Amino acid sequence: MSRFIQAASTMHTLSLASMEEASRFGVRDTDIDHLLLALTFDPDTGGQILRGMGVSLDAARAAVAAQHSAQLGLVGIAADADTSPGRIVFHETSGYEWTARALAVWDAASSGGRRGDSAAVLRALLDEPSGLIAEILTRLDVDREALIIRVDEMQRLALARESTTGRNELSGTRSIFVPAPIDEVWALLSSAGRIPEWDPAMGTIDATAATGPWEAEATTSAPDGRLITVKDGFRRMRVELMESERPTHVRWRFSYPDAARSNARQITFDLEHAAGGMQLRATLTWEFTLRRRSRRVLRPLFRPLLRFLVYIQLTQIASSVTRAFR
């Protein structure tokens, strides 16, 4: 996924969640504390980091409510006895806008080399100068400096992954929450015979052999019965299990033996426990075979489009995985 698409997707997701949280407090000005709340249940890296530090949504809501009461007390206004937030009424109301300092956080998350993803948003929140986020973290018994170190470490790892990606590769990643035990999700994703359940490109697979490589056939009809045209060289697939670590990691490779110059693809799944289910990180990588100078010249021009297509393919895979458990 390109940085632009990543930033746009993150802003859309967190904006909706933040304004919903603001509506629980009966306010229209969506501020940095509401953005912090949205991050606590974000499926991407920022949310994972917060939950890993012990920050749950309920605890964060209580801390924000307590902070609001304390601020009112400083100006001599007694808060209501019940400071717990109400229900979400965002879709029943209108007029929600970002505060100036929240907009500054968004700007910081997408500038200075930052990706605009949820980890970058969290890092920008930690740098926000008003002190509100620091106060809320103190109420949550979270060390702000330790959190900064953790976020910076994760961002360095992300940059390292980008820098080590082969020049003849194109990769994208998507994180999703799956409402199922990790062992059940692992059983789906690690079995060759079950690949057609989550890979829309595969129709059937001969998985009788205990170990691969296995041979598979591409999908030739859509779920609604519509025929899908597949070129002869791309009807047959070679499926290889490249890595497998129960129940946290699996990597598959798909190639086309009848199309010598075709591009192989790899799909990697990283799994971890999460409250109410598990967190799944899916990475799709295309291996490009650039044998002609013209392709090397033209490929940079098409990279944004290719990244968008990778994102669409990842979305289809993610939807198939979650659909299997809904």
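**Helix packing and strand pairing in the predicted model**

Helix α2 (residues 32-40) and helix α6 pack with their axes 11 Å apart and at an angle of about 140 degrees, and the crossing of these two helices is left-handed. At this contact, I32, L35, L36 and L39 of α2 meet S118, V121, L122 and L125 of α6. Sorted by character, the residues of the contact of α2 with α6 comprise seven nonpolar residues and one polar residue, with no charged residue among them. These values, like those that follow, come from a predicted model.

The chain as a whole contains 11 helices and nine strands. Of its 326 residues, 44% are buried. Among the contacts in the chain with a separation of 6 or more, 60% are accounted for by residues that lie 24 or more positions apart.

Helix α6, which spans residues 118-127, also contains R123. This arginine has a relative accessibility of 12%, and because buried means under 20% relative accessible area, R123 counts as buried. When residues up to four places away in sequence are not counted, R123 touches R114, I148, V151, D152 and Q155.

Helix α8 covers residues 144-164 and includes R150. In this case the relative accessibility is 34%, so R150 counts as partly exposed. The C-alpha atom of R150 is separated by 9.3 Å from that of M53, although the two residues are 97 residues apart along the chain. M154 is likewise found in helix α8. With T45 it forms a pair that is 109 residues apart in sequence and 8.0 Å apart in space, C-alpha to C-alpha. Once the neighbours within four places in sequence are left aside, M154 is in contact with T45 and I49.

Helix α4 (residues 57-74) consists of 18 residues, which at 1.5 Å a residue should span 26 Å; the C-alpha atoms at its ends are 26 Å apart, and the two values therefore agree. The buried residues of α4 are L57, A60, R61, A63, V64, A65 and Q67. L57, which belongs to this helix, touches E21, L37, T40 and F41 when residues up to four places away in sequence are not counted. For the pair formed by L57 and L37, the C-alpha atoms are 6.4 Å apart in space, and the two residues are 20 residues apart in sequence.

Among the strands, β5 (residues 214-218) and β6 (residues 236-245) pair in the antiparallel sense over four bridges. Within this pairing, W214 has V239 in β6 as its bridge partner. Strand β6 also runs antiparallel to strand β7 (residues 249-255), to which it is joined by seven bridges. In that second pairing, L241 stands opposite W252 in β7, and the connection from β6 to β7 is a hairpin through three residues. Strand β6 is thus described by two pairings, one with β5 over four bridges and one with β7 over seven bridges.

Technical notes. Residues numbered from 1 in each chain as written. Predicted model: local features only at pLDDT ≥ 70, side-chain atom pairs only at ≥ 80, totals over all residues. Heavy atoms only, no water. Buried < 20%, exposed > 50% of the residue type's maximum accessible area, 1.4 Å probe, protein only. Contact = heavy atoms within 4.5 Å. Expected span 1.5 Å × (residues − 1). Pairing = 2+ DSSP bridges. Axes fitted to C-alpha atoms, helices over the stretch in contact; angles between N-to-C directions. Left-handed = near helix turned anticlockwise from the far one by under 90°. Nonpolar A, V, L, I, M, F, W, Y, C, P; charged D, E, K, R; others polar.
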